[in-house]
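This report looks at charged pairs and nonpolar packing in one protein chain. Please keep the model in view while reading.

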Amino acid sequence: MEKKVSIFRTERCYNLEFECPKLWSALKETEDPKVRFCHACQEQVHRCDDPEEFELQSEQGHCVAINFYTRPMMGKPLPFRRVPKETD
């Protein structure tokens with residue numbers, strides 16, 4: 001029997017594979033105000049203003065700039081760890 005897996009946001013950690021030392025303001029603007037280009041990494045960086053945006057961009061493998069945490073950060077997200085929901 002297959003176990004169901006539920007995602008609990010309160011138990012989720014929004015981890016980055018690495019934290020970028022650059023600032024959002026230092027990245028090159030693009031046509032999309034929520035996307036900038038990093039010349040050092042040669043990648044687009046997607047601004048995430050809430051956890052839902054972070055999840056979407058992370059699932060697509062994009063670099064992100066996080067603005068909903070205690071301090072702004074940028075980097076490459078790690079895959080989410082899904083916690084199995086306990087059943088009675």
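A salt bridge here is a side-chain nitrogen of Lys or Arg within 4 Å of a carboxyl oxygen of Asp or Glu. The model is predicted. By this rule the chain has four salt bridges. Side chains of opposite charge can pair when their charged atoms come close.

Three of the pairs are listed here, including their closest N to O distances.

| Salt bridge | Closest N to O distance |
|---|---|
| Arg36 with Glu29 | 3.7 Å |
| Lys34 with Glu53 | 2.1 Å |
| Arg47 with Asp49 | 3.3 Å |

Take Arg36 and Glu29. Arg36 is buried, at 14% relative accessible area. Glu29 is exposed, at 60%.

Now Glu53 and Lys34. This salt bridge links distant parts of the chain, 19 residues apart. Glu53 sits in helix 1 (residues 51-59). Lys34 lies in the loop between strand 2 (28-29) and strand 3 (35-38). Glu53 has 21% relative accessible area, so it counts as partly exposed. Lys34 is partly exposed too, at 24%.

Asp49 pairs with Arg47. Both are partly exposed: Asp49 at 34%, Arg47 at 23%. Salt bridges with shared partners join Lys34, Arg47, Asp49 and Glu53 into one network.

Next, the nonpolar packing. Which residues form the largest nonpolar core? It has eight: Cys20, Trp24, Leu27, Cys38, Val45, Cys63, Ala65 and Met74. Apart from it lies another core, of six residues, among them Cys48, Val64, Ile66 and Met73. Beyond its neighbours within four places in sequence, Ala65 is in contact with residues including Trp24, Val45, Arg47, Cys48 and Met73.

Note on methods:
Residues numbered from 1 in each chain as written. Predicted model: local features only at pLDDT ≥ 70, side-chain atom pairs only at ≥ 80, totals over all residues. Heavy atoms only, no water. Core = buried A, V, L, I, M, F, W, Y, C linked by side-chain atoms within 4.5 Å. Buried < 20%, exposed > 50% of the residue type's maximum accessible area, 1.4 Å probe, protein only. Contact = heavy atoms within 4.5 Å. Helix = DSSP H or I, 4+ residues; strand = E, 2+ residues; numbered from the N terminus.
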